[in-house]
Amino acid sequence: MDSLPTPLVSTQWLASHLGQPGLIVVDASWYLPAMNRNGRAEYVAGHIPGAVYWDIDELSEHASPLPHMLPPAAELARSIGVLGIGNADRVVVYDGSGINLSAARTWWTLRLLGHEAVAVLDGGLARWRAEACPVQAGHARWAPAAFQARLRPDLVRGQAEVRAAIETGAAETLDARSSGRFAGTEPEPRPGLRGGHMPGARSVPFAELTGPDGTMRSPDELRRHFSKAGANLERPIILSCGSGVTACVLALGLEVAGHSDYSVYDGSWSEWGLPGGPPLETGPAR
């Protein structure tokens with residue numbers, strides 16, 4: 001069995017390996033409400049043959065008032081097994097956004113649970129279709145598999161840890177939201193949240209990491225882009241966004257750029273921006 005290139009695989013690689021035993025393709029398409037798109041409906045209308053659907057909303061902690069929080073590891077592992085993903089499988093994740101909007105969240109989640117044989121399809125479904133690769137409608141289902149979590153706590157941070165890192169200067173903080181939301185000049189899509197960013201954070205809008213064709217920028221381009229935003233790639237980096245989804249795009253970008261000392265703030269701005277929450281700043285990064 002060929003090894004899985006990580007963290008990205010090309011459409012050519014996937015087309016030549018599709019259908020191999022032990023290779024699971026996952027459609028993780030998810031969209032912001034303002035985008036007026038339905039990931040599950042688009043999956044049913046057409047997906048890469050054999051791809052199972054990973055519903056980011058469903059595979060989140062429903063008891064939390066915050067969106068997209070991670071459920072307990074054992075519960076999440078059971079849900080992953082139901083999809084047909086086992087510990088020995090290679091997994092390729094994609095979405096239909098053209099900017100890696102949600103695929104990276106699933107990539108990061110699997111790695112958080114100790115599953116390293118996972119990659120994101122570079123260019124996603126749009127590039128797959130553009131190259132006239134096959135798609136199928138309906139639902140694809142695999143036999144349930146045994147998936148055991150081997151949690152990597154280094155990849156995730158809670159609010160207390162983020163506050164401590166900011167106060168002590170122990171880590172850089174990058175924000176994947178739009179520059180307007182970062183500055184507090186653009187309203188938050190979730191009602192009631194304060195505008196602005198965490199003290200000392202730098203703005204790296206996630207959509208800037210992909211090129212016009214939806215593929216990830218080269219490692220050199222990514223390193224220049226992060227550095228231009230003020231990130232020090234020699235230090236630990238904490239990543240944040242609106243609800244912990246697009247922060248994972250920055251994680252993917254850092255991984256491609258060769259920087260692996262990062263973690264994702266799961267609560268992100270949905271938690272930090274609550275009324276009466278921790279200190280914040282407005283305006284551009286200082």
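# Two sheets, a helix crossing and some odd backbone spots

N100 has just 3% relative accessibility, so it counts as buried. That residue also has a positive phi of about 60°, although it isn't a glycine. Keep in mind that this is a predicted model. Two open sheets are described below: one has the strand order β1-β5-β4-β2-β3, and the other runs β6-β10-β9-β7-β8.

**Backbone spots to look at**

- N100 sits in the loop between β4 (90-94) and α4 (103-112).
- A132 is another residue with a positive phi, near 60°, and it isn't a glycine either.
- You'll find A132 in the loop between α5 (124-130) and β6 (156-157).
- Is A132 buried or exposed? Its relative accessibility is 69%, over the 50% cut-off, so A132 counts as exposed.
- The peptide bond running from T6 to P7 is cis, and its omega is near 5°.
- P7 belongs to the segment before β1 (8-9).

**The sheet with β1 to β5**

- Five strands make up this open sheet, and their pairing is parallel.
- β1 and β3 are at the edges with a single partner strand each, so each has one side without a neighbour in the sheet.
- β2 and β4 run parallel and are joined by five bridges.
- Within that pairing, V25 has V92 of β4 as its bridge partner.
- β2 also pairs with strand β3 (residues 52-53), again in the parallel sense, over two bridges.
- On that side, V26 of β2 is matched with V52 in β3.
- Helix α4 lies across β2, β4 and β5 (118-121), and it runs at about 175° to β5.

**A closer look at β2**

- How many of the five residues of β2 are buried? Five of the five residues in this strand (residues 23-27) are, so β2 is largely enclosed by the rest of the structure.
- Which residues of β2 point one way, and which the other way? L23, V25 and D27 share one direction, while I24 and V26 point the other way.
- Both sets are buried, and that includes D27.

**W13 and what it touches**

- W13 is part of helix α1 (residues 11-17).
- With 14% relative accessibility, under the 20% cut-off, W13 counts as buried.
- Beyond its neighbours within four places in sequence, W13 is in contact with S3, L4, P5, L23, R90 and V92.
- Two of those names come up elsewhere in this briefing: L23 is one of the buried β2 residues, and V92 is the β4 bridge partner of V25.
- W13 and L121 are 108 residues apart along the chain, yet their C-alpha atoms are separated by 9.3 Å.

**The sheet with β6 to β10**

- This open sheet is also made of five strands, with parallel pairing.
- Which strands are at the edges here? They are β6 and β8 (202-203), and each pairs on one side only.
- β7 and strand β9 (residues 237-240) run parallel, with four bridges joining them.
- One match to pick out is E172, which stands opposite I237 in β9.

**T173 in β7**

- T173 lies in strand β7 (residues 172-175).
- Its relative accessibility is 5%, so T173 counts as buried.
- What is T173 in contact with, leaving aside its neighbours within four places in sequence? The contacts are I166, M198, G200, A201, R202 and I238.

**Where α8 meets α9**

- The axes of helix α8 (residues 219-228) and helix α9 (residues 247-257) come within 8 Å and cross at roughly 120°.
- At that angle the two helices are neither roughly perpendicular nor roughly antiparallel, so α8 and α9 are oblique to each other.
- The crossing of α8 past α9 is left-handed.
- From α8, the contact uses P219, L222, R223 and F226, and from α9 it uses L250, G253, L254, V256 and A257.
- Sorted by class, this contact has seven nonpolar residues, one polar and one charged.
- R223 is the charged one and G253 the polar one, because Arg counts as charged and Gly as polar.

Technical notes
Residues are numbered from 1 along each chain as its sequence is written. This is a predicted model: local features need pLDDT of at least 70, side-chain atom pairs count only at pLDDT 80 or more; totals for chains, interfaces and linings use all residues. Side-chain values use heavy atoms; hydrogens and water are left out. Buried means under 20% relative accessible area, exposed over 50%, partly exposed in between (1.4 Å probe, protein chains only). Two strands pair if DSSP finds at least two bridges between them. Contact means heavy atoms within 4.5 Å. Axes are lines fitted to C-alpha atoms, for helices over the stretch in contact, and angles run from 0 to 180 degrees between N-to-C directions. Angles under 35 degrees count as roughly parallel, over 145 as roughly antiparallel, 65 to 115 as roughly perpendicular and the rest as oblique. A crossing is left-handed if the near helix is turned anticlockwise from the far one by less than a right angle, and right-handed if clockwise.
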